[in-house]
Amino acid sequence: METSNRKLGKVFLAFAGICVLALPAIVFWALSYGPDEIEAATVETSQTTFDENSATIFVSHDALTRSYLEGTSSQRTLEEYYSRRQYPGSPPWIPHKVEDESRERIACLTCHEKGGWTETLKRHTPVTPHPENTSCRQCHVKMETEDLFVDINWKSILPPRLGRSHLPGGPPPIPHDLQMRGDCIACHVGPGAVAAIRVDHPSRGNCRQCHVPDSFAGLFQR
Amino acid sequence: MKLDRRSFIKLMAMNSAATAAATLFPGVSFGAWSTTEMASGGIVWKKTPCRFCGTGCSLLVGVSGDRAVAVKGDPNSTVNKGLCCVKGYHSIQILYGKDRIQKALVRKNGKMVEVPVAEALDLVARKMQETIQTHGKDAVAMYGSGQWSITDGYVASKLFKGCIGTNNVEANARLCMASAVTGCLTTFGLDEPMGCYEDIEKADVFVTWGNNMAEMHPVLFSRMLATRKNRTHVKIIDFATRTTRSSLAADRSILFRPQTDLAVANAICYEIIHNGWVNWDFVNKHASFHKGKTNIGYGTEDHFKFKDKAETVDFNAFKTFLDDYTPENVEKISGVPAKDIKYLAALYGDPDKKVTSFWTMGMNQHTRGTWINNLVYNIHLLTGKISSPGNSPFSLTGQPSACGTVREVGTLTHKLPHGVVMNPDHRKMAARIWDVPVENIDPKPTYHTVEMFRALDRGDIRFMWIQVTNPMVTMPNLRRYRDGAEKEGRFVVVSEIYPTPTSDIADVILPSALWIEREGFFGNSERRTQHNEQIVPMPGETVSNTWQIMEVARKMGFEKQFPWSEETYIEDIWNEYIQFHDSPKHRMAPFKVLKERSGVQWPYVNGMETKWRYNAKYDPACKQKDFDFYGKKDHRAWIWLRPYEPPAESPDSEYPFWLNTGRVLEHWHTGSMTRRVPILHKAMPESYVEINPDDAARMGITNGSDVKISSRRGSLVMKAAINGRGNPPRGMVFVPFFDEKYLINEVTLDAFCPISKQPDYKKCAVKLERA
């Protein structure tokens, strides 16, 4: 046990070393990253929907307790988040057991509207950003098999890159579409949120005073 | 688990390493994603109608380079207002199945061999000409689809009816909404609903007649739920033959025995009259009463013929006719408690409530489909709840362009783009616009769909071209029609995108461009036409169905009728087609307007869409004050005396169960597209038979065990689903038809409505055995 831990330790030390060595390369890459490529790597946000339903942020913020807002949990990773989607922004499938409808009324919102700890799954529940839509299983389906009918030649775009602040320490712009995902609080705050995209300042309730959509209008030109 | 310092550090290191890897390195692939090269300039969003159901959602498809990569609902669309369903969100993945047909295939010595598309089209043209020479023009046929783009159907009709001179043009929409058409025509004289989806926000009560909108029209269903949430007095009543997802979301679920909706609708009218809820002002001014033939048969025999004859009667005759349909009498036939019938009648009868009725296949796939359409209109006419916001008898179509391409272009044997082949004026108009001699257009309709496949079996039809549909899964009493199509001396051409049981029997397979790979139009349930440009390139050697038909027409010598160039043919065809509808009753929007907007409703008059037809406030074609049912010569909507008649086949001691068939949320029709979408297949990998838990317990059938379903026509073995997504009542089973491995249509019956000729897929008798 001791030796295997040591071995692993060395591996991680080596990895850390590579990271340190790679850092200048990353910095160089980040600085040389052309605006075209940055644009391409994310899903364009739409100006028309920017303020649609934006009141939900304030409502959510008011409704939640301080302890919830500050809650953290490292269980959900971005990898898991994207593994349930076919492309960034597509509705995720249902990863847990659900009763078939004839048992009882569809009750997804009992857990996914407010979030919180679920004893059966031993984890914090992710919160939906669009609880006004109550016919959940119109878009979210459960999986019955892992097999495909025939193979598919599907290619997805990359998920948006994180940490895209324009200045060191500056607030990153919103890299995704706001349509049906306009309630920042639902996904970026609380113990059910994906760790990598959870904000470290949940007590501030007016998200869009600092975070603005990245609309790819290019640079201003007279 | 004990955490010591070392393993804690290890854990932290792993976590941060993973996070670093996931966030810092561009190009990291998440899960099993295969990622695409990014085009410069980011994603471009292009509008298109959805490929699937008749709701007609507008989508925005995200394109990166030459690949479709994302979908969102179009917020500019009044249909879906930015929302889609699971099929819509993943619809672009139907383009990328590995077994996509990208080359033409021709059967040579029993084997399919790849040939250049031009060679295959040559063969199709030559074969058609030879067949016409040897067997006559009525030996060639075109079988199309409500998923045809409008231009596909238009050139098919022009080639077959105008140039070749045969009325052998049918579309699968015959199996889907023919009863809705004959219902509209017999009651109003003009086809398609008078209302629009805005009725959903205006109504106080929704009654759904035998449909399951939560799965089949999910976006409209969630609009209904939103209305109920916003205006808490709103009620949704599910009136159906089995318990579905829609029943569970409804305020009331009322079950009736198959076919007895006829009796219940009449009982509702009985109650309306006997409680004094008739809107006399409306009825006196805008309705007239009529009687048709009774005991009209079921069409199960070849060469079946029926023609209805209308006889004008008065209100008293109607009232007397309804005396048989007291709620108490109807309770005995239908199994619906008299108090529930009275409840339904009270909802329709309440002058302060706006009522919208929705229906789809439950009423249309019905051996008295035309009648039940008439009867629901009767209810709305007696109470005057029609053609005004929130008051809407609304027949929803199943397919994205059943209205656009089949009902409006008229790709049915008796139809022309404007009117019917039997009418000399309509023939003259078609001949003028098509630039063909008027004698070319045959005044006699030939075969409706079921009879067309019977004719193929008999040998009366020798050549059939099938586009955008999969009849070797969907024809009722399938075995006969598959055996018939495979007989010696039959030549079947299939335009397809993926291999299907239909392409399996083809002599020629033409590779088709799909949906956003070509420019086109769809027309949805609420008279909305939507244009899409070509958004991604056509793969391999695929070509649009429109172009395939045009090429064959030219090879047959009809260059003059099909002169259009590859660059502008879609626009040119649109401009020719809309000449057929150039009146305030049906005017279509010009190409330029359609290109700009996320759909436009017809009649499009003086730059305005018509939301509610027959209502002078909204419809410029009205000549009278308030309402004008101008489709009929008497300017009135017709209330029909239509009795209850039993179905073609009912359960008996040998075959004691009803068999009901239908769709599921995840799959579009026969699944040839949606089963190639990973998430949809994974969610719904195979078909099943829903059995009532009491029946299952009695027969010792457990969930997932094999059950043999047999009828007088065929049998199959599939897995039982007990307390699954839907729940049939005792004595009924339900089977989804999307799965080509379980061809349930070998079991179903090819009985149809004698007026609409639409088969009844919802009722036949079967027996069950443990297998």
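User: Is B:T367 buried or exposed?

Analyst: Buried means under 20% relative accessible area, exposed over 50%, and partly exposed in between, with a 1.4 Å probe and protein chains only. In this predicted model, B:T367 has a relative accessible area of 2%, so B:T367 is buried.

User: Which side chain makes a polar contact with the side chain of B:T367?

Analyst: A polar contact is a pair of N or O atoms within 3.5 Å; within protein, one must be able to donate a hydrogen and the other to accept it, and residues adjacent in sequence count only if both atoms are side-chain atoms. Here the partner is the side chain of B:Q259, at 3.3 Å.

User: How many disulfides does a search of the whole structure find?

Analyst: A disulfide is a pair of cysteine sulfur atoms within 2.5 Å. The search finds zero over all chains.

User: Why is there no bond between B:C57 and B:C84?

Analyst: The closest cysteine sulfur to that of B:C57 is in B:C84, 6.0 Å away, which is too far for a bond. B:C57 counts as buried at 8% relative accessibility, and B:C84 counts as buried at 1%.

User: What should I keep in mind about numbering and confidence?

Analyst: Residues are numbered from 1 along each chain as its sequence is written, and chains are lettered from A and ligands numbered from 1 in the order in which they are written. Local features need pLDDT of at least 70, side-chain atom pairs count only at pLDDT 80 or more, totals for chains, interfaces and linings use all residues, and side-chain values use heavy atoms, with hydrogens and water left out.
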